[in-house]
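Dear colleague,

Please find below the structure that I am handing over to you. My notes on what was found in it follow directly after.

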Amino acid sequence: MAEMSGAEDAGGEAGPGATAGVGGAAGSAGAAGVGRAAGPAGRGCPEAIRRALAAHTTMTLAYVDEDGPQACAVLYATGVVAGAEDGGAAGVGAGGPSGGASGAASGVAEAGVVGAGPALYFVTATTTRHGRALVEPGARVAFTAQRDGQEWSGLTGLQGRGRCRPLTGAERAAGWQVYVERFPFVAASDRLRAALERTTLWELRPDWLRLIDNGQGFGHKEEWSGR
């Protein structure tokens, strides 16, 4: 996401994308006097970041393949992975605009994941350029999410990095429930629902997130690392 507060981040990893919307771009380092709240690695993702993720529906995914860097926009729904800090089997709840869990229970979280964090769900075919890149072993993504038409004084948005994986079986069913709760028009259209149900559902698990919120002060940042 573009900022007015400094230079772009160095060394951001890239990843995939797919089905609709708009997006932004660059990360930044803070300038002198810019506020930053950095969460300790391995701790649960802060409420402010989870609320911001749940407030948006479109992210721009960046990835790298044999042809070089590329980006695309996808509609996404977010769930909060609960219980991962204990290393046990965890569930996921759909995140609405308030960031609360609506209760789509599942075994989506992996055992041993450090730090309770969000999971983002999106749909795209493995035959697309980004889909082919995402299934490559070790592939990473970078992404941003923000609204268009914001004033600089109140600009908010998110930057993140992580990994994607296609979901199957019970995990896909749980993730799909989160997705259709966020986008009820999918379930309302037999044609659209049938088309998307035949398409791959992906989970993006961020391991680093940054919230920029100029409404709390110019260049204000809050970060979380799940590593």
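Arg50 and Glu47 both belong to helix α1, which spans residues 47-55. They are 3 residues apart, about one turn of the helix. Please note that this is a predicted model. The side chains of Arg50 and Glu47 meet in a salt bridge, with a distance of 2.5 Å from N to O. With regard to exposure, Arg50 has a relative accessibility of 19% and therefore counts as buried, the cut-off being under 20%. Glu47 has a relative accessible area of 30%, so this residue is partly exposed.

Glu47 also takes part in a salt bridge with Arg51, where the closest N and O atoms are 2.9 Å apart. Arg51 and Glu47 are separated by about one helical turn because they lie 4 residues apart in helix α1. Arg51 is partly exposed, at 40% relative accessibility.

The structure holds 9 salt bridges. Another of them is formed by the side chains of Glu203 and Arg205, at 3.3 Å from N to O. Are these two residues buried or exposed? Glu203 is buried, its relative accessible area being 2%, and Arg205 is likewise counted as buried, at 15%. Glu203 and Arg205 are also part of a network of salt bridges that links them with Arg165 and Glu171.

I turn next to strand β9, which comprises residues 201-213. How many of its residues are buried? The count is 13 of 13, and the strand is accordingly described as mostly covered.

The pairing of β9 with other strands is as follows.

- Strand β6 (residues 118-123) runs antiparallel to β9, and 4 bridges join the two. Within this pairing, Val123 stands opposite Leu201 of β9.
- Strand β8 (residues 156-166) is joined to β9 by 11 bridges, again in an antiparallel arrangement. Here Gly160 has Leu209 in β9 as its bridge partner.
- Strand β10 (residues 221-225) is antiparallel to β9 as well, with 5 bridges between them. In this case Leu209 is partnered by Trp224 in β10.

Leu209 is thus a useful residue to locate when you view the model: its bridge partners include Gly160 and Trp224 in β10. For helix α1, the corresponding place to begin is Glu47, which forms salt bridges with Arg50 and with Arg51.

With kind regards

Methods:
Residues numbered from 1 in each chain as written. Predicted model: local features only at pLDDT ≥ 70, side-chain atom pairs only at ≥ 80, totals over all residues. Heavy atoms only, no water. Salt bridge = Lys/Arg side-chain N within 4 Å of Asp/Glu carboxyl O. Buried < 20%, exposed > 50% of the residue type's maximum accessible area, 1.4 Å probe, protein only. Pairing = 2+ DSSP bridges.
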